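Biologist: Could you walk me through this one? I'd like to go over the salt bridges, the overall make-up and a pocket.

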Amino acid sequence: MEPAKQPVELPIIDASDDIPSPDSGRRLPRWLKRNVPKGDPGHKTTQLMKELGLETVCEEAKCPNRMECYSQQTATFMILGAVCTRACSFCSVSRGTPQALSDDEPERLAEAAFRLGLKHVVITSVTRDDLPDGGADHYFRCIEAVRARTGATIEVLTPDFIDSREALARVLEAKPEVFNHNTETVPRLYRRVRGPKSEYRWTLELLRRVKEIAPNTKTKSGLMLGVGETREELLDTLADLREVNVDFLTLGQYLQPDQKKYLPVVRYLRPEEFEELGQQAKAMGFVKVASGPFVRSSYHARDMAESF
């Protein structure tokens, strides 16, 4: 019997290429330095979110693209409150005991999408394990409200609903054009990255069921790289996603929100490596792939959805 293969970690980049990270204190490679837009291009979007009492994952998760998206008057709306019931080791969203659902949130969300003139609306949420349906009916109401007010196409980025087929079916009843659920990492690292309440098989089963329940819905998933995965593990995971017919894929660099609280970065992938991985993913059959250091689940989501 052959000895079990040990994961081979790729080397961290040469520190001579680094610059200090303003968020975590760790040094970042120069290609992760971004030009900050002059002035306040996101002012209108920020003020609108405050006025309507809405949350965005852009702010809660400290997305590095938030100013770019805000300057284009777009955002990824986060429903079901701002407190998550999971404790993922990579995510800066607040965790603890959530507040009660806001019954008028779907209407406020629709109003924001209308005022921003959005043609493609992305709706995500915290995980609400405290709710019997995980918030599925609230997703349904939000999708219905936004579509009625704007006529926009809808993309949802949902939690796993603890493997509930009924909850998933309720979301799909509203017919979102794109259904996204992030894989985040490879099976070996799943519990370490996503916590003890998450399971890799739930992710694959959720994405498989989407195609079973709503065959015309485009499915999407994403992984953050640099948390200790090997190339072989990553490609095996991408093969699993293709096995359940995932259409769209995003690959981005994990950035540690705070060096004291969150999962550390094992290494930073160079832009050319992201390019290579993107080409490999396309060769595996993904219809559209976004792969790069700053790529996130909802980055240029409309472009990806319209390409199919």
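Modeller: Gladly, and one term before we start: a residue counts as buried under 20% relative accessible area, as exposed over 50%, and as partly exposed in between. Please keep in mind that this is a predicted model.

Biologist: OK, so where does Asp137 fall, and what does its side chain pair with?

Modeller: Asp137 has a relative accessibility of 30%, so it counts as partly exposed. Its side chain meets that of Arg170 in a salt bridge, with 2.8 Å from N to O. Because Arg170 lies in helix α6 and Asp137 in helix α5, which covers residues 136-150, the pair ties together parts that are 33 residues apart in sequence.

Biologist: And Arg170 itself, buried or partly exposed?

Modeller: Arg170 is partly exposed, at a relative accessible area of 26%.

Biologist: What about Arg86, which acid does it meet?

Modeller: The side chain of Arg86 forms a salt bridge with that of Asp160, at 2.9 Å from N to O. This pair links distant parts of the chain, 74 residues apart, with Arg86 in the loop between β5 (83-84) and β6 (94-95) and Asp160 in the loop between β8 (153-157) and α6 (165-173). Arg86 is buried, with a relative accessible area of 6%, and Asp160 is buried as well, at 4%.

Biologist: How many salt bridges are there in the whole structure?

Modeller: A search of the whole structure finds 25. One of them joins the side chains of Arg191 and Glu199, at 3.7 Å from N to O. Salt bridges that share partners connect Arg191 and Glu199 into one network with Asp163, Arg165, Arg201, Glu205, Arg208, Arg209 and Glu212.

Biologist: How accessible are Arg191 and Glu199?

Modeller: Arg191 is partly exposed, with a relative accessible area of 44%, and Glu199 also counts as partly exposed, at 22%.

Biologist: Switching topic, what is the chain made of overall?

Modeller: Its secondary structure comes to 11 helices and 12 strands, and of the 308 residues, 52% count as buried. The chain exposes about 14,500 Å², of which carbon and sulfur atoms supply 51%. Among contacts with a separation of 6 or more, 73% are between residues 24 or more positions apart.

Biologist: Last thing, what volume does the second largest pocket have, and what lines it?

Modeller: The second largest pocket has a volume of about 230 Å³. It is lined by 14 residues, of which Leu80, Gly81, Ala82, Gln99 and Ala100 are the closest to its centre. The lining divides into six nonpolar, four polar and four charged residues.

Terms used
Residues numbered from 1 in each chain as written. Predicted model: local features only at pLDDT ≥ 70, side-chain atom pairs only at ≥ 80, totals over all residues. Heavy atoms only, no water. 1 Å grid on protein atoms, 1.4 Å probe; cavity = no way out; pocket = protein on both sides within 12 Å on 5 of 7 lines; lining within 4 Å. Points joined across faces, edges and corners; volume = space filled by probe spheres on them. Nonpolar A, V, L, I, M, F, W, Y, C, P; charged D, E, K, R; others polar. Helix = DSSP H or I, 4+ residues; strand = E, 2+ residues; numbered from the N terminus. Buried < 20%, exposed > 50% of the residue type's maximum accessible area, 1.4 Å probe, protein only. Contact = heavy atoms within 4.5 Å. Areas by Shrake-Rupley, 256 points an atom, 1.4 Å probe, with all protein chains shown as cover. Salt bridge = Lys/Arg side-chain N within 4 Å of Asp/Glu carboxyl O.
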